[in-house]
Amino acid sequence: MFNTALVSGSQGESKPEVSPVIHLAKMWAKKYVQRLDKVNDIHEGGNLRENTVEIMYNLLRQTSIEAWSQTEKLIGRELHRHEIDRTLIDPWQISQDSFVIYNKAIDSYAKQLPPEHLATKIGGYLGKVRSNYTMSDARVIGFVSMQIHYTGQILLRQIPYSERQVVNSYFKVIDDYLYMPLQRAYEASAKHELNSTVLQVIQKLLPISTDIARSICERVNLIYPRYHTHSGLLSDPVVKIASIRDVEMFQVYLWVCVLEDSIGSIQHELFPLCVMLYPALKVQWELIRTMIHLLRQEVGARLGDTEKTLFKPYLEILWEMFSPDIFPDSF
């Protein structure tokens, strides 16, 4: 549940007004409802759910350990390459946090609570976990989010196929709040009035952020149909899901920039994280530049001239930070 200190927004004279923090959090939570509505018809209940829950609970601890092994194998060498303080990476603590977080998700699924309930229940908690790991070095969250991601992927492979899409709706809540600075965006929103231009623009973009990300990924796939990342072709389901999530992540960082009126989140979190992770994942910078270019088009197509001015400087900064002058690679 969100910390009450973060949700004490302004109040109207006659009745309490919903704070920007709660307002944005509820808007994001609604996205899970819309996603889950599409798969409710194929979802079976009863014994199948109980069996799925038992499988996940029984495998969770071992899965968490296996996920760390995969994380270490993929990006462990980045500790030395990027001169990251090894004392900041505690495998046991990260695995324990992963175990606790997934226990909460499985419990919500077992009780048939909607995914948006999970989002509001642990969104603030996950935001604090994320903040704790990024406090000393933002790149540490790369190890945590990779651990969390692999834990979910391994668990999904072990459960009945018919339940995977429903269970993954719960797991996506976890992915979102650890990969993306959502809680930071909510906290920054508290500094704005609900009817402010900034908040109105964010409210316009938030419900369609997944559609924007999906559209961009489809266009990138058309441009680079044979491109192969560490996990497969851009069209492969696992890569496609991760790509959509990454484009959403870039969007949330842009929202944070606009809400905070600062480039800090991109400069100190997003950029170092990308520099550490993307080469290991075999994602070339030309691909990221194409994504940023398309993001500028997609956002621009949905905003008026005045609204676009809020995002223009940060989109330009993103482009410059990932420009060929900095990363001169090509396919």
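**Buried helices, bends and hollows**

Modeller: Let's start in α12, where the buried residues are Gly264, Ser265, Ile266, Glu269, Leu270, Phe271, Leu273, Cys274, Met276, Leu277, Tyr278 and Ala280. This is a predicted model, so local features need pLDDT of at least 70 and side-chain atom pairs count only at pLDDT 80 or more, while totals for chains, interfaces and linings use all residues. Numbering runs from 1 along each chain as its sequence is written, and side-chain values use heavy atoms, with hydrogens and water left out.

Biologist: Fine. Why does Ser265 count as buried?

Modeller: Buried means under 20% relative accessible area, exposed means over 50%, and partly exposed is what falls in between (1.4 Å probe, protein chains only). Ser265 comes out at 0%, so buried it is.

Biologist: And what is Ser265 in contact with, leaving aside neighbours within four places in sequence?

Modeller: Arg184, Tyr253, Val256, Cys257 and Leu270. Contact here means heavy atoms within 4.5 Å.

Biologist: What makes α12 a helix in your numbering?

Modeller: Helices are DSSP runs of H or I with at least four residues, strands are runs of E with at least two, and the numbers go up from the N terminus. Ser265 sits in α12, which covers residues 264-280, and α12 has 17 residues.

Biologist: How do you know what span to expect for α12?

Modeller: The expected span is 1.5 Å times one less than the number of residues. For α12 that gives 24 Å, and the helix reaches 24 Å from its first C-alpha to its last.

Biologist: Where is the kink in α12?

Modeller: At Leu270, shortly before the proline Pro272, with an angle of about 30 degrees. The bend at a residue is the angle between axes fitted to the seven residues ending there and the seven starting there. Just after α12, Lys282 takes a positive phi of about 60 degrees.

Biologist: What makes you say that α12 is mostly covered?

Modeller: A count: 12 of its 17 residues are buried. α7 (residues 161-179) is mostly covered too, with 14 of 19 residues buried. Its end-to-end reach is 26 Å, close to the expected 27 Å, and α7 bends by about 30 degrees at Ser169.

Biologist: Why is α8 described as largely enclosed?

Modeller: Because 6 of the 8 residues of α8 (residues 182-189) are buried. They are Leu182, Gln183, Ala185, Tyr186, Ala188 and Ser189.

Biologist: Now Arg302. Why is Arg302 called partly exposed?

Modeller: Its relative accessible area is 29%, so it lands in the partly exposed class. Arg302 belongs to helix α13 (residues 285-302). Not counting residues up to four places away in sequence, Arg302 touches Lys204, Leu205, Ile208 and Ile212. Its C-alpha is 9.9 Å from that of Val201, 101 residues apart along the chain.

Biologist: What makes Glu83 exposed?

Modeller: Glu83 has 72% relative accessibility, so it counts as exposed. Its place is the loop between α3 (78-81) and α4 (91-110), and its phi is positive, about 55 degrees, although Glu83 is not a glycine. Gln112, in the loop between α4 and α5 (115-134), has a positive phi near 60 degrees. At 55%, Gln112 counts as exposed as well.

Biologist: On to the hollows. What makes something a cavity or a pocket?

Modeller: On a 1 Å grid over the protein atoms alone, a cavity is a set of points where a 1.4 Å probe fits but cannot get out; a pocket is an open set with protein on both sides within 12 Å along at least five of seven lines, and lining residues have an atom within 4 Å of a point. Points are joined across faces, edges and corners, and the volume is the space filled by probe spheres set on them. The whole structure has 1 cavity of 30 Å³ or more, and the largest cavity holds about 40 Å³.

Biologist: Which residues line the largest cavity?

Modeller: Leu205, Ile212, Gln251, Leu254, Trp255, Val299 and Phe311. Ala, Val, Leu, Ile, Met, Phe, Trp, Tyr, Cys and Pro count as nonpolar, Asp, Glu, Lys and Arg as charged, and the others, Gly among them, as polar. That lining divides into 6 nonpolar, 1 polar and no charged.

Biologist: Which element gives the most to the lining of the second largest pocket?

Modeller: α11, with 9 residues. The pocket has about 740 Å³ of space, and its 35 lining residues split into 21 nonpolar, 9 polar and 5 charged.
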